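Colleague: Could you take a close look at the cysteines in this one for me, and then walk me outward from there into whatever surrounds them?

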Amino acid sequence: MAQSQRPLSAIPPVAFQRPACPKCKASMMLVSIEPERPGVDLHTFQCAVCNHLLTTLAAYEDPMHSKTLGRWLQGDLHLTR
């Protein structure tokens, strides 16, 4: 029997965890992501049980300006002829 393969992700699974509702402890759903300021988004979660809303700030790094990309371009990316 063939084994099912999960797609690889650059984001660790912990980043996908949904918060528990502070009122009823049910798992909340991400309902919107809005830019707050450069490098920071506003995430809004809603509880499917009691409709409570929770907003959090989430910082991120622009992948095109990350230090990791710079090191990759300088060291690991080689042109072949």
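Modeller: Start with Cys24: its closest cysteine sulfur belongs to Cys47, and at 3.4 Å that's too far for a bond. Keep in mind that this is a predicted model, so the distance is a computed one. Cys21 tells a similar story, with the sulfur of Cys50 as its closest cysteine sulfur, 3.6 Å away and again too far for a bond. The cut-off for calling a disulfide is 2.5 Å between the sulfurs, and a search of the whole structure comes back with 0 disulfides.

How buried or exposed are Cys21 and Cys24? Cys21 is buried, at 1% relative accessible area, while Cys24 counts as partly exposed at 32%.

Cys21 also leads you into the inside of the model. The largest nonpolar core has 5 residues, and Cys21 and Cys47 are both in it, along with Ala26, Met28 and Phe45. Met28 is a good one to click on. Setting aside neighbours within four places in sequence, Met28 is in contact with three of its fellow core members, Cys21, Phe45 and Cys47. Its contact list also takes in Arg18, Pro19, Ala20 and Pro22 on one stretch of sequence, Gln46 next to the core pair, and His52, Leu53 and Leu54 further along.

From Met28 you can step straight into the sheet. Three strands make it up, in the order 1-2-3, open and with antiparallel pairing. Strand 1 covers 28–37 and strand 3 covers 53–59; both sit at the edges with a single partner strand, so one side of each has no neighbour in the sheet. From one strand to the next the twist averages 25°.

Take the first pairing. Strand 1 and strand 2 run antiparallel and are joined by 8 bridges. One pair to look at is Met29, whose bridge partner in strand 2 is Gln46. These two strands form a hairpin with 2 residues between them, and Gly39 in that turn has a positive phi of about 85°.

Now the other side. Strand 2, residues 40–47, pairs with strand 3 in the antiparallel sense over 7 bridges. That hairpin has 5 residues between its strands, and here it's Asn51 in the turn that shows a positive phi, about 65°. Among the facing residues, Asp41 stands opposite Ala58 of strand 3, and Thr44 has Thr55 of strand 3 as its bridge partner.

Thr44 is worth a pause. This strand 2 residue counts as buried at 12% relative accessibility. Leaving out neighbours within four places in sequence, Thr44 is in contact with Met29, Leu30, Val31 and Ser32, and also with Leu53, Leu54 and Thr55.

Compare that with Thr56, over in strand 3, which is partly exposed with a relative accessible area of 29%. Not counting residues up to four places away in sequence, Thr56 touches Asp41, Leu42, His43 and Phe45. Phe45 there is one of the core residues we met earlier. As for Asp41, it is 15 residues from Thr56 along the chain, and their C-alpha atoms are separated by 8.4 Å.

Note on methods: Residues are numbered from 1 along each chain as its sequence is written. This is a predicted model: local features need pLDDT of at least 70, side-chain atom pairs count only at pLDDT 80 or more; totals for chains, interfaces and linings use all residues. Side-chain values use heavy atoms; hydrogens and water are left out. Two strands pair if DSSP finds at least two bridges between them. Helices (H or I, at least four residues) and strands (E, at least two) are DSSP runs, numbered from the N terminus. Axes are lines fitted to C-alpha atoms, for helices over the stretch in contact, and angles run from 0 to 180 degrees between N-to-C directions. Buried means under 20% relative accessible area, exposed over 50%, partly exposed in between (1.4 Å probe, protein chains only). Contact means heavy atoms within 4.5 Å. A nonpolar core is a set of buried Ala, Val, Leu, Ile, Met, Phe, Trp, Tyr and Cys residues joined through side-chain atoms within 4.5 Å.
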